[in-house]
Amino acid sequence: MFRKNDVVQFTEKHKWCGSLGIIREIKACGDDKRYMVGVPIPEKGTAFIYVMESECVIELIGTAHLSLKDGDDE
């Protein structure tokens, strides 16, 4: 459903509701997918939040044209 570098927003079902993040990694987890979403936090770096596709807690906003290189956290 989602791809790497997609910009997503957390829905009301998640404690990070309203926050925007970028999908940094996707892994298969049985029949489901696990997404690692990087949420930038000003002057503190990036919070990495893991969500399962089946939880339906993120919505697609668009695609990031500029994003962090793999291994970077700021």
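F2 comes out buried, because its relative accessibility is just 7%. Keep in mind that this is a predicted model. Y35 counts as buried too, as its relative accessibility is 0%.

What does a search of the whole structure find in the way of aromatic pairs? One. The rings of F2 and Y35 have their planes at 90° and their centres 5.3 Å apart, so this is an edge-to-face pair. F2 sits in the segment before β1 while Y35 belongs to strand β3 (residues 32-41), so the pair ties together parts 33 residues apart in sequence.

Strand β3 also has partners on the strand level. Here is how the pairings look:

| Strands | Sense | Bridges | Residues between the strands | Positive phi |
|---|---|---|---|---|
| β2 (residues 20-29) and β3 | antiparallel | seven | two | G30, near 70° |
| β3 and β4 (residues 45-52) | antiparallel | eight | three | E43, near 60° |

For a couple of landmarks in register, A28 stands opposite K33 in β3, and R34 has M52 of β4 as its bridge partner.

Now for D6, which is found in strand β1 (residues 6-10). Which side chain of opposite charge is nearest to D6? That would be R3, at 4.3 Å. A salt bridge needs the charged atoms within 4 Å, so D6 is buried without one. The D6 side chain does make a polar contact with the side chain of T63, at 3.4 Å. Setting aside neighbours within four places in sequence, D6 touches several residues, including G21, I22 and I23, plus L60 and G62.

Terms used
Residues are numbered from 1 along each chain as its sequence is written. This is a predicted model: local features need pLDDT of at least 70, side-chain atom pairs count only at pLDDT 80 or more; totals for chains, interfaces and linings use all residues. Side-chain values use heavy atoms; hydrogens and water are left out. Helices (H or I, at least four residues) and strands (E, at least two) are DSSP runs, numbered from the N terminus. Buried means under 20% relative accessible area, exposed over 50%, partly exposed in between (1.4 Å probe, protein chains only). Lys and Arg count as positive and Asp and Glu as negative; His and the chain ends are not counted. A polar contact is a pair of N or O atoms within 3.5 Å; within protein, one must be able to donate a hydrogen and the other to accept it, and residues adjacent in sequence count only if both atoms are side-chain atoms. Contact means heavy atoms within 4.5 Å. Rings of Phe, Tyr and Trp (its six-membered ring) pair if their centres lie within 6.5 Å; planes under 30 degrees apart count as stacked, over 60 as edge-to-face and the rest as tilted. Two strands pair if DSSP finds at least two bridges between them.
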